[in-house]
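Trainee: Before I move on with this assembly, I would like a close look at one place where two helices cross. Please start there, then show me how the sheets are built and where the enclosed space lies.

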Amino acid sequence: MRSRRPPIAAFVPSLFILNLIPFIFLTAVAQSDLGTGESTAMVSPEPPTGVIALDHVYDCGEMIDISWTLSAADTAGGPVTGYEIFRAEADSFVSVSVLPLGTNTYSDEKIIAGTPYRYRVAALYTGGAVLSEITSPVSAGTEIINWNLLNLFVIGLFVCGAVIYYITHAKRGKKLFIRKIAGLEAIDEAIGRATEMGRPILFVPGINDMDDVQTIAGITILGKVAQVVAAYDIKINMPVSRSLVMTTARETIKEAYIGAGRPDAYNDDMVRYVTDEQFGYVAAVDGVMVREKPATCFYLGAFFAESLILAETGNSIGAIQIAGTAQPAQLPFFVAACDYTLIGEELFAASAYLSNEPKQLGSLKGQDVGKFVAMAAIIIGVIAATLAEFGAGSFFVELNDIMHKLFTVEN
Amino acid sequence: MNNLGLIISLVLIAGGLIWLLVRSLSGREVERPIIFIFMGVAVSVPLLFNITFSEKATPIVKAVFDKVEYLPEGSRVLISFDYGPSMAPEVQPMSDAFIRHCLAKNHKLFLMGLWATGQSLNADAVERVIKREFPEKVGGVDYVNIGYKAGSQGVLNVIITDFRKLYATDVDGRDLDSLPIFQDIKSLKDMDLLLSVGGGFPGVKEWVQFAGDPGNVPTAGGSAAVTTPLMYPYYPRQLVGLLGGIKGAAEYESELKKHYPQFDKMPTPGVAMMGPQTLAHLMVMAFIVVGNIAFFLGKKRDS
Amino acid sequence: MGFWEIFGVWLAALLTLGIISFLYRDNAFYKACEAIFVGISAGYWAITYFWDNLYRKFYLQVSDPAGTEKYVPWIGFVLGILMLTRLFKKIGWLSRWPLAFIIGATAGLYMMTYFVSNAMVQISASILPVFEGSFGDIITNLLVSGGTFCGLVYFFFSKEHKGVFGGAARVGIWVLMLTFGASFGYTVMSRMSLMLGRLDFLFGDWLKLIK
Amino acid sequence: MKRRIPLLITFVVGSVLILSVFFPPAESWGEDFSIFFDIIAVFAFFLGGGNLVRIHGKKLFTRKSDWGFSVVTLAGFFVMLLAGLFKVGNPAGMAGDVTAAGSFFQMLYEWIFNPLGASMYALLAFYVASASYRAFRAKNVDATILLVAAFIILLGRTPLGMYATAWIPDSFSILQIPNLAIWIMTSPNMAGQRAIMIGIALGVVSMSLRLILGVERTYLGVDSE
């Protein structure tokens with residue numbers, strides 16, 4: 001359920017094995033086939049032709065791509081049973097792989113960069129094999145720039161450029177409109193409630209470590225929440241499931257207390273490590289909830305199956321609950337069980353929104369430009385694709401083609 | 001004894017629900033522990049007393065059943081075991097039901113598999129289902145198990161033109177040509193129906209893309225619940241039908257029992273597992289209804 | 001069944017009941033289970049960190065005479081040591097370096113992966129002809145494209161949700177709600193299966209009421 | 001100064017890793033980062049685990065309420081730690097894998113860790129029920145849509161859904177509950193998921209840039225130590 005499982009409990013990478021077996025198995029069969037030589041009475045089929053070996057582009061010399069024209073005898077019911085790839089560094093050819101019939105490309109990864117290799121492809125048939133011509137030597141090289149990703153670069157640059165433009169634009173003091181986000185407007189009210197009731201605030205930053213952006217988003221919101229907490233001297237309770245999150249959260253809260261001019265009121269015990277284990281952590285947080293009865297619970301970060309356990313327990317103690325995550329599978333549970341939910345993008349926008357600094361708000365405007373690009377792409381793409389389908393002229397066919405190329409990331 | 005317990009528990013559940021309804025009709029909310037108790041009972045009772053519900057097949061499942069049912073006797077049906085032991089509890093009931101149905105209809109049965117981890121499972125199905133329940137069926141004549149070959153969809157690419165390029169023998173080492181069942185069979189295209197039972201890659205999707213579509217052979221199958229939504233888009237154009245998760249298996253089993261009295265005593269793990277599930281789902285829905293009644297009446301009273 | 005096996009089953013059964021007892025209310029039985037769980041699992045992870053990360057990913061790598069990139073784990077080691085400077089007040093500020101490193105790296109890496117797999121892939125998957133197939137298909141295609149569009153409108157921050165734009169945002173939130181409701185309903189079955197598994201253990205392995 | 005260097009580190013590391021995607025020789029740097037991270041996490045655990053021991057130790061020595069449970073936690077932690085560090089009862093001794101069957105560590109895992117985790121997970125079934133009771137109420141249009149979608153899907157997962165709408169003629173078969181449920185899962189559900197995913201991507205881009213450019217810096221703590 002969670003992304004970082006205990007690595008000890010490693011599972012068998014069955015797909016890997018699955019992919020490996022054909023090669024092992026088929027190679028064995030084919031070699032024994034080859035051993036019988038070409039001396040059978042059967043008429044040998046035509047060999048594959050036009051074999052070309054080329055360095056795989058945009059990598060670090062890890063692959064050589066081989067392609068060929070199928071043997072003329074590779075037809076339904078024909079004698080060909082498959083192909084075998086042979087590679088030579090000097091004069092002796094060794095078998096690299098065996099492939100099913102109908103295949104006309106192969107990428108050889110068992111190579112050393114810079115070494116020249118020659119290849120030949122054999123068409124296998126019952127009782128023997130026929131070999132193709134030998135290719136001219138080719139060596140795998142490193143390309144510095146991956147031009148395949150040019151489209152990603154251009155679009156990425158545009159979107160990032162928009163964000164950066166609006167951040168710098170805002171510096172010059174231009175006022176930006178940002179709509180109200182209910183879940184964030186409610187934060188002040190939720191904290192106010194804790195003050196009135198004299199009860200603590202519970203802050204859960206998810207169960208992933210600092211190497212997840214959602215956790216970082218949760219911590220940046222914690223920064224804003226802690227400012228209010230420090231100003232009103234409310235008790236904040238933050239059990240965490242990762243040591244690094246503990247460290248970062250302490251820095252963040254301490255900063256807020258110093259900013260509020262009350263460094264003495266800060267206490268390291270506000271943030272405490274429980275356990276890395278998903279459900280062990282949940283068991284403990286549930287315990288904290290029913291025993292300390294926080295007035296407000298925040299769940300902001302990466303959540304998995306525990307989302308509903310936390311939200312329902314929080315509801316049972318009558319807490320106001322504000323949740324936010326970018327895990328699409330858990331959003332339904334938060335939406336159903338919490339008072340306010342920051343849906344996906346809103347989680348990442350929250351700290352900027354709460355800071356109310358022009359620069360930070362500018363970044364929100366910038367990401368809207370990104371959304372505009374996405375929406376425009378969908379509309380233009382759909383129209384072009386539809387009209388192209390109806391044969392409305394080559395312009396739309398081309399446009400459709402361009403749109404697909406623009407948004408398809410090759411790799 | 002069992003029946004008594006069963007009746008008492010069901011009466012308790014029904015009575016409890018009526019009590020809740022009456023309570024909510026006066027606009028009152030239900031406390032959480034009561035909901036938990038209901039849930040616990042709803043799941044425990046069917047588990048303890050082995051309560052099952054007759055499942056009426058949904059169209060997507062019925063389509064598979066009808067396809068097998070209305071193929072003329074002696075048609076060739078291929079079942080591929082595309083799953084491993086970890087998925088077996090969810091999808092094995094499907095492959096078992098397919099086997100029973102096909103043999104009861106006197107179809108010729110071809111078993112194979114695309115998962116290395118599932119190799120023992122189709123052999124197990126032969127022992128457990130075919131040999132035990134259909135002792136009159138002869139291996140190599142009425143059914144054959146050609147086993148697993150590595151290569152995922154690559155296998156399909158080959159056997160869509162010729163079985164013998166990849167399979168020389170069946171799992172018992174008998175030459176395919178020596179088997180009566182393989183007499184007029186050259187490739188997958190000679191099959192009348194392809195059934196893939198699986199829950200991942202390669203699975204139903206690959207069978208559609210690399211065998212059913214190019215060979216123009218009707219294809220159907222079953223898949224684990226998590227991957228089922230990904231298969232829906234192929235239905236009904238490229239997939240005859242699909243058994244989704246344990247519920248799909250249960251529906252097929254029910255349908256089988258309905259049409260074939262001889263399967264009265266057949267084990268129905270799918271139906272058995274659906275008993276608690278169904279009651280739990282009904283309970284969740286009952287709570288949604290009760291909750292809304294309480295909400296609206298409570299609002300009315302307040303205003 | 002040997003003594004230890006029976007002991008194991010009973011222990012597991014008691015712990016299961018302890019956790020479930022929380023549904024009624026917090027109690028000493030649950031507290032004990034919680035305490036055991038926290039202690040045992042923290043210990044488990046400590047061991048995982050030790051053998052899997054420190055021993056396998058660091059020690060074995062740097063002590064491997066054939067290793068080609070030995071410096072890589074050492075960088076992590078140095079950053080890790082800096083992390084421990086927190087324990088000393090005077091040089092505690094050094095612990096922000098590894099933190100800054102982690103946050104910078106996570107931001108950079110995630111930015112690209114999310115942008116490619118979430119944005120680019122989804123946009124290109126949306127670019128399809130709508131007027132294709134039966135009448136029902138066309139409606140469905142229109143709905144998927146339109147729904148995605150309106151959903152994005154809902155997320156707009158810098159424009160007030162008013163007029164036509166507001167209407168689209170409204171439709172957007174409806175699409176999102178439909179999505180959430182459907183996912184919730186679909187997941188119920190798998191959640192029930194988990195409880196079935198536990199009850200199966202209690203009634204079968206422990207009490208032997210069912211086979 | 002104490003704050004400027006971390007900002008610089010974040011900026012350099014972040015921008016380098018963004019650009020590394022476009023340069024094949026740098027492609028593996030992301031993997032290197034995950035190695036660094038795993039090693040840093042070990043050292044961080046000294047702080048986290050230390051915190052756990054300190055908190056429960058303090059409870060024990062000050063005899064705070066429920067200090068008995070702290071004893072249990074500490075005992076569990078150290079028993080697991082010793083069992084794993086010295087591979088107690090491991091059939092292959094210190095050379096064996098720490099999770100080898102038969103080792104004390106693995107026994108603790110199977111008898112205690114596993115049932116506790118599975119039971120906690122199983123509580124979800126109960127919470128699903130209470131959430132449906134309380135949250136699926138037709139308070140407004142949004143909530144009603146949520147409710148109806150969930151209800152149709154739930155209905156489609158029981159025999160009831162089939163019986164309830166079997167009378168609908170086949171030409172309108174889409175309106176039969178099981179078909180409707182499938183349609184909802186594949187069409188509107190997909191539209192919603194797509195919008196959410198695209199939104200998340202842009203949110204991440206914007207937040208990452210704020211972090212890398214140092215606009216967002218609350219996590220860095222204070223300068224005045």
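Mentor: Happy to! Helix 1 of chain C and helix 2 of chain C are roughly perpendicular to each other (65 to 115 degrees; under 35 is roughly parallel, over 145 roughly antiparallel, the rest oblique). This is a predicted model, in which local features need pLDDT of at least 70 and side-chain atom pairs 80 or more, while totals for chains, interfaces and linings use all residues. Residues are numbered from 1 along each chain as its sequence is written, chains are lettered from A and ligands numbered from 1 in written order, and side-chain values use heavy atoms, without hydrogens and water.

Back to the crossing: helix 1 covers residues 3-20 and helix 2 residues 28-62 of chain C, and their axes come within 8 Å at roughly 115° (lines fitted to C-alpha atoms, for helices over the stretch in contact, with angles of 0 to 180 degrees between N-to-C directions). Helices (H or I, at least four residues) and strands (E, at least two) are DSSP runs counted from the N terminus. Helix 2 of chain C also packs against helix 4 of chain D (residues 104-135), at about 125° and with the axes 10 Å apart. The angle therefore makes helix 2 of chain C oblique to helix 4 of chain D.

Now for the sheets. In chain A, four strands in the order 4-3-6-7 form an open sheet with antiparallel pairing (strands pair if DSSP finds at least two bridges between them). Strand 4 (93-100) and strand 7 (128-131) of chain A are at the edges with a single partner strand each, so one side of each has no neighbour in the sheet. From one strand to the next, the twist averages 30°. Strand 3 of chain A (residues 80-88) is joined to strand 4 of chain A by seven bridges, and Phe86(A) has Ser95(A) in strand 4 of chain A as its bridge partner.

In chain B, the pairing is parallel in an open sheet of six strands, ordered 3-2-1-4-5-6. Its edges are strand 3 (143-148) and strand 6 of chain B, each pairing on one side only, and the twist here averages 15° from strand to strand. Strand 1 (residues 76-82) and strand 4 (residues 193-198) of chain B share six bridges, with Ser80(B) opposite Ser196(B).

Strand 6 of chain B leads us to the enclosed space. The whole structure holds four cavities of 30 Å³ or more (sets of points on a 1 Å grid over the protein atoms alone where a 1.4 Å probe fits but cannot get out; lining residues have an atom within 4 Å of a point). The largest has about 230 Å³ of space (points are joined across faces, edges and corners, and the volume is that of probe spheres set on them). It is lined by 19 residues, with Tyr232(B), Lys247(B), Gly156(D), Arg157(D) and Ile182(D) closest to its centre. Elements giving two or more lining residues include strand 6 (242-244) and helix 9 (245-259) of chain B. Helix 7 of chain D gives the most, four residues.

The second largest cavity has a volume of about 70 Å³. Helix 2 (150-171) and helix 10 (358-389) of chain A, helix 4 (96-126) of chain C and helix 8 (188-212) of chain D each supply at least two of its lining residues. Among them you can find Ile155(A), Phe407(A), Phe115(C) and Leu202(D) in the lining.

Notes:
On a 1 Å grid over the protein atoms alone, a cavity is a set of points where a 1.4 Å probe fits but cannot get out, and a pocket is an open set with protein on both sides within 12 Å along at least five of seven lines; lining residues have an atom within 4 Å of a point.
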